[in-house]
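Me: I'm new to this structure and would like a close look at one part of it: the sheet and the helices that lie against it. Please walk me through that part slowly, and then show me what else is worth finding around it.

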Amino acid sequence: LEFSYRFRLSVKQTLYKKHLKGVSESSIYHAGTLAASRLTVNSNVMQVLKSANKRGKTVVIATASPRIYVTGILDELKVNRFKIIGTEVDFETGLILGEECSREAKWLAISKEVSSLEVVSIMGYGNAPDDLFMLKQVDQGFLVKGTLVCQYGP
């Protein structure tokens, strides 16, 4: 793994141990609902999510952030989805359970989740560099940078 990724993961784990240890899941969820009002929402991606839901598509959201925190954000923003996959944290210790849901681990989690579904094609949205592996695996990938959304890959 590249140095910058290992360093960021180490910093994240240190912060989780310091600030999430002993915090309840409901507190983390509530923090997500509060954070939702302060986020700059990418309207292009939100429109794609709404359109996919209207067409009856299966929407799986995968994030490197703690799953319960992002669940609070998405609930507050009223984003419909089938499933949220994210980094799991043991809130008693503040430690990441398993691997962070990023890079190859994110794709493995997604492919495991959709393997039991009747999925014809997978469309993915992500950011660089952590989602590039996933975007190379999906049928149609889009790279998100700020408000820009660009097709990624062939």
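**The sheet and its helices**

Reply: Running at about 145° to β1, helix α5 (residues 103-114) lies across β1 and β2. Angles like this one go from 0 to 180 degrees between N-to-C directions, with axes being lines fitted to C-alpha atoms, for helices over the stretch in contact. The names come from DSSP runs (helices are H or I with at least four residues, strands E with at least two), numbered from the N terminus.

A word on what you are looking at: this is a predicted model, in which local features need pLDDT of at least 70 and side-chain atom pairs count only at pLDDT 80 or more, while totals for chains, interfaces and linings use all residues. Residues are numbered from 1 along each chain as its sequence is written, and side-chain values use heavy atoms, leaving out hydrogens and water.

Now to the sheet itself. Three strands make an open sheet with mixed pairing, in the order β1-β2-β3. At its edges are β1 and β3 (95-97), each pairing on one side only. On average, neighbouring strands of this sheet are turned by 30° against each other, direction ignored. Two strands count as paired if DSSP finds at least two bridges between them.

What makes the pairing mixed? Strands β1 (residues 60-66) and β2 (residues 83-90) run parallel and are joined by four bridges, whereas β2 and β3 run antiparallel, with three bridges between them. To find the parallel pairing, look for Ala62, which stands opposite Ile85 in β2. For the antiparallel pairing, look for Glu88, whose bridge partner in β3 is Leu97.

Helix α4 packs on the sheet, where it touches β1 and β2 (contact means heavy atoms within 4.5 Å), and its direction makes about 125° with that of β1. Together, β1, helix α4 (residues 67-76) and β2 make a right-handed β-α-β unit. Right-handed means that, with the strands pointing away from the viewer, the path from the first strand over the helix to the second runs clockwise.

Which residues of α4 are buried? They are Ile68, Val70, Thr71, Gly72, Ile73 and Leu74. Here buried stands for under 20% relative accessible area, exposed for over 50%, and partly exposed for the range in between (1.4 Å probe, protein chains only). Among the elements covering these buried residues are α2 (25-36), β1 and β2.

Follow the chain onward and you meet Lys78, in the loop between α4 and β2. Lys78 is not a glycine, yet has a positive phi of about 60°. With 69% relative accessibility, Lys78 counts as exposed. Most residues other than glycine have a negative phi, and most peptide bonds are trans.

Back in helix α5, Arg103 also has a positive phi, near 55°, without being a glycine. Arg103 counts as buried because its relative accessibility is 12%. Arg103 also lies over the face of Tyr5, at 4.0 Å from the ring centre. For a charge to sit over a ring, NZ of Lys or CZ of Arg must be within 6 Å of the ring centre and within 35 degrees of the ring normal.

Beyond this part, the structure holds two aromatic pairs. One is Phe3 with Phe7, a stacked pair at 5.9 Å centre to centre and 20° between the planes. Rings of Phe, Tyr and Trp (its six-membered ring) pair if their centres lie within 6.5 Å; planes under 30 degrees apart are stacked, over 60 edge-to-face, and the rest tilted. Phe3 and Phe7 are about one helical turn apart, because they are four residues apart in helix α1 (residues 3-19). Phe3 is exposed at 58% relative accessibility, while Phe7 is partly exposed at 48%.

Tyr125 and Phe142 form a stacked pair as well, at 4.8 Å centre to centre with 15° between the planes. Since Tyr125 lies in strand β4 (residues 123-126) and Phe142 in strand β5 (residues 140-145), the pair ties together parts 17 residues apart in sequence. Tyr125 is partly exposed at 25% relative accessibility, and Phe142 is buried at 13%.

One last stop: a cis peptide bond, with omega about 0°, joins Ala128 and Pro129. Look for Pro129 in the loop between β4 and α6 (132-137).
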